[in-house]
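Me: I should be grateful for a close look at a single part of this chain, set in the context of the whole. Please treat the part first and the wider chain afterwards.

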Amino acid sequence: MDRAPGLSVRFKLTLSYAGFLMLAGGLLLAAVGAFLVREGWLQTNDEGAWRVTPGTDFVRGFAPVAAAVMVFLLLFGLVGGWILAGRMLAPLDRITHATRTAATGSLSHRIRLPGRQNEFAELADAFDTMLARVEAHVAEQQRFAANASHELRTPLAISKSLLDVAHTDPDRVTGELVERLRTVNTRAIDLTEALLLLSRAEGRAFAREHLDLSLLAEEATETLLPFAEQHGVTLETGGDVAPTTGSPALLLQLTTNLVHNAVVHNLPKGGRVWVRTHACSDAVTLTVENTGEHITPQLAATLTEPFRRGTDRVSAGHGGVGLGLAIASTITQAHDGRLTLTPRPAGGLRVTVELSPAHRLSSAYRKPHTSA
């Protein structure tokens with residue numbers, strides 16, 4: 001929420017209490033002066049100047065009046081200070097109420113504190129922002145849980161159907177049945193492992209190490225080279241040494257997911273995948289680019305959502321579980337990086353991962369390496 005600049009709460013309280021003290025002091029001085037004039041202890045001379053009348057008992061006469069005035073000022077200060085503090089700290093009541101409301105599970109409530117910018121306004125705005133993020137995160141987790149339940153229910157339902165068939169028809173040939181059960185079970189295991197990896201990345205439960213992102217890119221492409229050759233896709237790697245910090249296992253998984261996704265969602269014949277790394281002073285980048293079907297920017301913006309697949313074409317036996325880009329996005333966020341998906345004008349997708357650099361490795365250029 002944009003606010004106009006205003007006085008801080010501390011400054012307002014300082015002015016309020018200082019002004020109240022000045023008022024109390026003025027009342028005290030006025031009371032003393034009035035008493036002295038009334039008793040004749042203060043008189044004016046011929047020149048108009050005030051002087052004390054000799055022979056008067058100032059202490060005995062003034063002490064009872066001063067005590068009464070001090071008692072009155074004490075009570076007046078307590079009541080006035082209580083009212084002033086209540087008015088100044090009233091925003092805390094709204095913040096406390098919003099906190100208690102959020103604690104009951106209602107995350108849609110917002111403080112929306114009116115007024116100019118000050119410490120309370122900043123606290124209220126920060127709390128509103130936190131509530132909005134928590135609400136969005138909870139909604140995302142609920143949606144993810146629903147999708148995961150749906151995805152897991154499918155292989156379990158297929159397994160139950162196959163077992164029911166085997167139970168009702170004992171004479172059926174079991175070879176085909178066992179193979180289908182094995183396939184379904186493998187998919188369920190892959191999905192469960194992907195969910196566990198996604199949960200680990202979201203929790204940031206990993207130690208950071210210095211590593212070279214370009215070496216991870218080479219390792220991922222070499223691992224997936226037979227898979228790419230099977231699908232008639234050419235892999236090309238190259239770029240700069242890309243020093244960064246993070247989890248080698250998670251960043252290798254990120255790179256592997258991106259390359260695997262680029263191979264799967266490619267042209268039926270003659271597809272290509274380019275894997276590049278680049279290093280500069282403020283970031284290191286990993287770019288995975290592939291040929292393929294045309295993708296709209298609207299569709300590309302949704303591909304990092306769990307269980308979202310970019311095309312209806314799924315390679316036989318290698319369609320994945322719909323978590324590849326979601327895991328890559330989560331790993332990138334866990335490393336305080338940024339993942340960007342951009343459709344290629346000629347078809348296909350360009351995925352760019354930006355991470356913070358680690359200035360401990362050289363920036364020598366790594367020559368391109370092409371595999372078919």
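Reply: The following account takes up one strand and its partners, and then turns to the surface, the overall make-up and the confidence of the model.

The model is a predicted one, and the part chosen here is strand β9, which spans residues 349-355. Is this strand enclosed or open to its surroundings? Of its seven residues, five are buried, so the rest of the structure largely encloses β9. For a residue to count as buried, its relative accessible area must be under 20%.

Two strands pair with β9. One partner is β7, formed by residues 284-290; it runs antiparallel to β9 and is joined to it by seven bridges. Within this pairing, Thr-352 of β9 has Thr-287 opposite it. The other partner is β8, made of residues 338-343, which is likewise antiparallel to β9 and is connected to it through six bridges. Here Val-351 of β9 faces Leu-341. Strands β8 and β9 form a hairpin with five residues between them, and in this hairpin Gly-347 adopts a positive phi near 110°.

Exposed positions offer a contrast to this strand. Helix α2, covering residues 58-88, contains Leu-75. Leu-75 counts as exposed because its relative accessible area is 52%, where the cut-off is over 50%. Leu-75 also contributes to a nonpolar surface patch of about 680 Å², together with Val-71, Leu-78, Val-79, Trp-82 and Ile-83.

Ser-108 is a second exposed residue, with a relative accessibility of 52%. Its place is the loop that links α3 (90-103) and α4 (119-168). Although 27 residues separate Ser-108 from Glu-135 along the chain, their C-alpha atoms are 7.1 Å apart.

Turning to the chain as a whole, it comprises nine helices and ten strands. Its length is 372 residues, of which 37% are buried. The exposed area is about 21900 Å², with 59% supplied by carbon and sulfur atoms. Of the contacts between residues at least 6 apart in sequence, 73% connect residues at least 24 apart.

Finally, the confidence of the prediction should be considered. The chain has a mean pLDDT of 78, and 76% of its residues reach 70 or more. Over residues 311-318, however, pLDDT is below 50, and the model gives this stretch 14 contacts beyond near neighbours in sequence. Residues 360-367 also stay under 50, and the model shows 20 contacts for them beyond four places in sequence.

Conventions. Residues numbered from 1 in each chain as written. Predicted model: local features only at pLDDT ≥ 70, side-chain atom pairs only at ≥ 80, totals over all residues. Heavy atoms only, no water. Patch = residues over 30% accessible without salt bridge, like charges linked within 9 Å, V, L, I, M, F, W, Y side chains within 5 Å. Areas by Shrake-Rupley, 256 points an atom, 1.4 Å probe, with all protein chains shown as cover. Salt bridge = Lys/Arg side-chain N within 4 Å of Asp/Glu carboxyl O. Helix = DSSP H or I, 4+ residues; strand = E, 2+ residues; numbered from the N terminus. Buried < 20%, exposed > 50% of the residue type's maximum accessible area, 1.4 Å probe, protein only. Pairing = 2+ DSSP bridges. pLDDT = per-residue confidence, 0-100. Contact = heavy atoms within 4.5 Å.
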